[in-house]
Amino acid sequence: MTYRRLAVLLAASLTPLALTAPAAHAATPAAPYDFNGDGRADLAVGAPAATVAGKAKAGAVSVVYAGSTGLKPSTYKLLTQNTTAVPGTAEADDAFGSSLASTDLDRDGYADLLVGAPGEDVDGDTNDGTIVIVWGSKSGLTGGRTLVNHNDRDNDRYGKAVAAGDFTGDGLPEIATGSTGFYGLNFVNGPFTRTGAFNGGSGGSFSYATRPYSESYGIESLSTGDVTGRGFAGLVVHGRENGTDDAVTTLVDGSISNFNDWLVTLPSGYVSSVGDIDGDGYADVAVGNHRETSADPAGAKGGRVTVRYGGPDGVDTSRAPLSVTQDTAGVPGAAETGDAFGSGVVAGDLNGDGYADLAIGASGENSGAGAVTVLYGSASGLKTTGARTITQNTAGIPGTSEKNDHFGARVALTKGTGLTISAPGENSGDGAIWSLRGTTATSFGPSTTGISTTGSPNYGSVLGG
């Protein structure tokens with residue numbers, strides 16, 4: 001096994017690494033975010049701006065466990081770098097909880113949680129960054145270890161983004177990490193164990209891609225899904241174009257040893273979600289770009305979401321991208337400057353018809369009060385008829401829409417749990433979460449799940465679930 005540093009137009013550099021013995025495999029690995037193996041997805045809520053033990057912006061994560069009726073805010077696990085058995089120490093500006101991902105890393109039947117802390121100082125290197133693994137168990141999350149950074153001399157802010165899944169088709173999980181610096185995207189190969197050496201991996205630079213990525217901004221966001229229909233996940237990689245702050249988005253195939261040899265350009269945006277909207281066996285990619293065209297040429301007045309339908313070559317080239325704004329026929333509302341439509345986006349089957357639906361956050365709507373629009377999937381693709389809009393003024397939704405709540409900044413959607421919406425600006429920056437399951441809606445804030453409201457934690461600025 002080797003660790004490969006890969007870059008377009010550059011020769012690969014090979015460094016041998018030790019192997020660990022494969023972990024014992026559970027009969028059925030747990031689904032992501034099912035931390036206690038009960039068959040229900042739990043919710044991880046990141047508050048990277050949270051104050052911990054007097055340390056500003058040390059960061060925290062609350063994990064809310066799900067029950068038979070949905071999320072149970074009274075049953076939660078608070079994670080900080082001061083939590084027993086979680087590596088590290090809470091320090092100012094660590095930003096623990098800046099990124100979240102989950103998969104069953106050790107294949108024991110319990111999903112594990114990955115938490116990025118890109119502001120962590122490591123061995124005197126300011127903002128070197130770190131990623132912590134917290135292990136799942138029958139009783140929920142407990143214990144942890146620090147993920148190796150094979151390429152720490154060539155990147156910073158490790159953990160700015162993180163994703164997990166089988167990216168190579170070998171049946172084992174890998175972890176993909178985003179950072180700043182020349183080698184912005186790195187993989188760590190499985191299998192993973194709770195002790196012992198990590199396996200090898202690979203790292204690549206997009207500095208020489210068709211649209212070169214900025215090393216200063218680095219890899220800012222990652223999403224995953226089986227876009228090519230081959231039974232394992234592709235990786236959607238978000239960054240900024242070199243020399244600008246314009247978004248650039250690429251689909252990566254991790255099964256190719258030099259993944260830079262196969263890159264598919266996707267619509268430019270800052271966040272994305274992957275799901276099979278038309279039920280054809282190929283996951284589709286929905287990319288959110290909340291910016292105005294004056295700030296990013298790929299944006300739109302009020303923001304836009306673009307859907308690229310999947311196919312065996314990464315995208316179905318026979319189908320044009322579908323661009324959706326609040327001026328699209330059938331979509332509620334109107335495109336207005338600053339709406340930030342596309343600030344949050346998630347694909348999942350909300351109505352149980354077998355097609356992935358799309359929930360789109362517009363965190364700037366109505367002077368920053370925020371809104372969420374739900375569009376439904378079908379055999380012909382995403383429909384703009386029958387759409388639903390949700391705000392804090394919607395009947396049955398707790399609270400009241402207020403300026404700068406930023407309702408819809410982040411959205412999550414899981415089977416059994418339903419739709420989760422965050423408003424990190426709620427209550428002057430405390431933040432809050434809304435859980436919508438069927439006709440029932442509940443809301444809770446940081447104090448409910450153990451996070452201090454000192455210094456505006458912006459609870460829910462990151463969601464994993």
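Mentor: Rings of Phe, Tyr and Trp pair if their centres lie within 6.5 Å. With that rule in mind, we may read this model, which is predicted.

Trainee: Which residues do ring pairs link into a cluster?

Mentor: The cluster consists of Phe182, Tyr183 and Tyr208, linked by ring pairs. By the rule just given, the count comes to seven aromatic pairs. One of them joins Phe182 and Tyr183 in an edge-to-face arrangement, at 5.0 Å centre to centre and with 85 degrees between the planes. The pair counts as edge-to-face because planes over 60 degrees apart are placed in that class.

Trainee: Are Phe182 and Tyr183 buried or exposed?

Mentor: Phe182 has a relative accessible area of 21% and is therefore partly exposed. Tyr183, with a relative accessible area of 10%, is buried. The cut-off that separates them is 20%, since buried means under that value. Another pair, formed by Phe206 and Tyr213, is stacked, with 4.8 Å centre to centre and 25 degrees between the planes. Both Phe206 and Tyr213 are buried.

Trainee: Which charged residue lies over the face of Tyr309?

Mentor: That residue is Arg319, at 3.7 Å from the ring centre of Tyr309.

Trainee: I should now like to read the strands. Where do the side chains of a regular strand point?

Mentor: In a regular strand they alternate between the two faces of the sheet. Strand β13, residues 201-205, is a useful case: five of its five residues are buried, so the strand is largely enclosed by the rest of the structure. Gly201, Gly203 and Ser205 lie on one side, Ser202 and Gly204 on the other, and both faces are covered.

Trainee: Which strand do four bridges join to β13?

Mentor: Strand β12, residues 185-189, is joined to β13 in the antiparallel sense. Within this pairing, Val188 stands opposite Gly201.

Trainee: What holds the strands of a sheet together in pairs?

Mentor: Strands pair through backbone hydrogen bonds, and the pairing may be parallel or antiparallel. In this model, one open sheet has four strands in the order β18-β19-β20-β21, with antiparallel pairing. Its edge strands are β18 (271-275) and β21 (322-324), each of which pairs on one side only. Neighbouring strands of this sheet are turned by 20 degrees against each other on average, direction ignored. Inside the sheet, β19 (residues 284-289) and β20 (residues 304-308) are paired over five bridges, and Val287 has Thr306 in β20 as its bridge partner.

Trainee: In what order do the strands β26, β27, β28 and β29 form their open sheet?

Mentor: The order is β26-β27-β28-β29, and the pairing is antiparallel. At the edges stand β26 (410-414) and β29 (440-444); each has a single partner strand, so one side of each is left without a neighbour in the sheet. The twist averages 15 degrees from one strand to the next. Five bridges connect β27 (residues 418-423) with β28 (residues 432-437), and Ser422 is placed opposite Ile433 in β28.

Trainee: Where is the pLDDT below 50?

Mentor: For the chain as a whole, the mean pLDDT is 92, and 94% of the residues reach 70 or more. Over residues 1-25, however, the pLDDT is below 50, and this stretch has 74 contacts in the model beyond near neighbours in sequence. Where pLDDT is low, the predicted coordinates should not be read in detail.

Terms used: Residues numbered from 1 in each chain as written. Predicted model: local features only at pLDDT ≥ 70, side-chain atom pairs only at ≥ 80, totals over all residues. Heavy atoms only, no water. Pairing = 2+ DSSP bridges. Helix = DSSP H or I, 4+ residues; strand = E, 2+ residues; numbered from the N terminus. Axes fitted to C-alpha atoms, helices over the stretch in contact; angles between N-to-C directions. pLDDT = per-residue confidence, 0-100. Contact = heavy atoms within 4.5 Å. Phe/Tyr/Trp six-rings, centres within 6.5 Å; stacked < 30°, edge-to-face > 60°. Buried < 20%, exposed > 50% of the residue type's maximum accessible area, 1.4 Å probe, protein only. Lys NZ or Arg CZ within 6 Å of the ring centre and 35° of its normal.
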